Amino acid sequence: MTDNDQPQGARLSPAALAQIRAFQQNEATEAEVYRRIAQRTKDAGNRDTLLRIADEEAKHAAIWQRYTGEEMRPQAGKVRRYALIALVFGFTFAVKLMEKGEAKAQISYEELAREAPEALDIRADEEAHEAALLDMLDEERLSYVGSMVLGMNDAMVEMTGTLAGLTLAMQNTRLIALSGLITGIAATLSMASSEYLSSKSEGRPDAFKSATYTGIAYLVTVALLILPYLLFDEAHYLWAMGTMIVIVLLILVVFNYYISVAQDLPFKKRFGQMAGISLGVAALSFVIGILVKQFLGVDI
């Protein structure tokens, strides 16, 4: 074999070659992820954008292959994982989560470029991919994030306060769950109706859809917060309330992480604000429940 027949990687240091192999594997895998997600994307514009990015990722893998001299297959586990994430949380969240992992690898490009100058061109392409995702992908569910935040946040504040107050006033998980469920369903209908009328007054043609997203977010939150009171027996109302608070924090963590990735918003600040408001209202309502029971002589 002559020098011209050898892969370019034969002239690289072991560390650089190992890094290039990792990059090639990553590019091949991500190209397959984009193709898999594109197959399930109904909107033609979004599908074309995803396929175009997939082709670019495949081209990058081909460039790295000239150094390694071997073809690498996509990592099946990673492809399935991101395809599932896209199915559950939407393709915008999935690809941006994947891009975040890719951004961490870019730290190695500067050093690698000393031995493989094409690394800088590939990094520029990767940065262009992220800009293309931000500018061109348009997922419907993200258009209603504001409605979902409204429904979820309102349910958090109202239901944590209501359930905390009822916990000390009633001291019976079944009665608390019944009262909370009635209150939650009524509040869901009220919130969805208010969102519909508000959107309609603004002349939005999607008023019903916006109200639906708000109502679903509210109702799901209500169901999750009431669930502990149905699982614990009647006497363990404090355990139920403690579990409800944990669920509140978990919902806030998951939802705010989703928003921070999908819309590039700060996670810690949003989480701190929403957690502070929800838990503050719960603590105040808990005290009110004690006062009502003590001074009004209400005993159920």
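**Exercise 1. Overall fold**

How many helices and how many strands are there in the protein? Describe the fold and its surface.

Solution.
- Step 1. The model is a predicted one. Its secondary structure consists of 12 helices and 0 strands.
- Step 2. Reading along the sequence gives the pattern α-α-α-α-α-α-α-α-α-α-α-α.
- Step 3. The protein has 300 residues, and 43% of them count as buried.
- Step 4. Take the contacts in the protein with a separation of 6 or more: 74% of these are between residues 24 or more positions apart.
- Step 5. The exposed area is about 15800 Å². Carbon and sulfur atoms supply 61% of that area.

**Exercise 2. The largest pocket**

Find the largest pocket and work out which elements line it.

Solution.
- Step 1. The volume of the largest pocket is about 500 Å³.
- Step 2. Its lining has 16 residues, and those closest to the centre are F89, M148, V220, F255 and Y258.
- Step 3. Four elements can be listed as giving two or more residues to this lining: helix 3 (76-89), helix 8 (145-170), helix 10 (207-231) and helix 11 (237-262).
- Step 4. Helix 10 provides the largest share, 6 residues.
- Step 5. Sorted by class, the lining has 14 nonpolar, 1 polar and 1 charged residues.

**Exercise 3. An aromatic pair and its cluster**

Classify the ring pair formed by F89 and F93, and state whether each residue is buried or partly exposed.

Solution.
- Step 1. A pair of aromatic rings is described by the distance of the centres and the angle of the planes.
- Step 2. The structure holds 6 aromatic pairs. For F89 and F93, the centres are 5.5 Å apart and the planes make an angle of 50°.
- Step 3. An angle under 30 degrees would count as stacked and one over 60 as edge-to-face, so a pair between these limits is tilted. The pair of F89 and F93 is tilted.
- Step 4. F89 has a relative accessible area of 35% and is partly exposed, whereas F93, at 6%, is buried.
- Step 5. Ring pairs link F89 and F93 with Y257 and Y258 in a cluster. Two members of this cluster, F89 and Y258, were also named among the residues closest to the centre of the largest pocket.

**Exercise 4. Two helix residues**

Where are I259 and T221 found, and what is each in contact with, leaving aside neighbours within four places in sequence?

Solution.
- Step 1. I259 is found in helix 11. Its relative accessible area is 0%, so I259 is buried.
- Step 2. With those neighbours left aside, I259 is in contact with V145, D264, L265 and R270.
- Step 3. V145 and I259 are 114 residues apart in sequence, yet their C-alpha atoms are 8.1 Å apart in space.
- Step 4. T221 is placed in helix 10. Buried means under 20% relative accessible area, and T221 has 4%, so T221 counts as buried.
- Step 5. With the same exclusion, the contacts of T221 are M152, A155 and M156.

**Exercise 5. A backbone angle**

What is the sign of phi in Q171, and where does this residue lie?

Solution.
- Step 1. Most residues other than glycine have a negative phi.
- Step 2. Phi of Q171 is near 55°, a positive value in a residue other than glycine.
- Step 3. Q171 lies in the loop between helix 8 and helix 9 (173-201).
- Step 4. The relative accessible area of Q171 is 28%, so this residue is partly exposed.

Terms used. Residues are numbered from 1 along each chain as its sequence is written. This is a predicted model: local features need pLDDT of at least 70, side-chain atom pairs count only at pLDDT 80 or more; totals for chains, interfaces and linings use all residues. Side-chain values use heavy atoms; hydrogens and water are left out. On a 1 Å grid over the protein atoms alone, a cavity is a set of points where a 1.4 Å probe fits but cannot get out, and a pocket is an open set with protein on both sides within 12 Å along at least five of seven lines; lining residues have an atom within 4 Å of a point. Grid points are joined across faces, edges and corners, and a volume is the space filled by probe spheres set on the points. Ala, Val, Leu, Ile, Met, Phe, Trp, Tyr, Cys and Pro count as nonpolar, Asp, Glu, Lys and Arg as charged, and the others, Gly among them, as polar. Rings of Phe, Tyr and Trp (its six-membered ring) pair if their centres lie within 6.5 Å; planes under 30 degrees apart count as stacked, over 60 as edge-to-face and the rest as tilted. Buried means under 20% relative accessible area, exposed over 50%, partly exposed in between (1.4 Å probe, protein chains only). Contact means heavy atoms within 4.5 Å. Accessible areas come from the Shrake-Rupley method with a 1.4 Å probe; for residues, only the protein chains shown count as cover.
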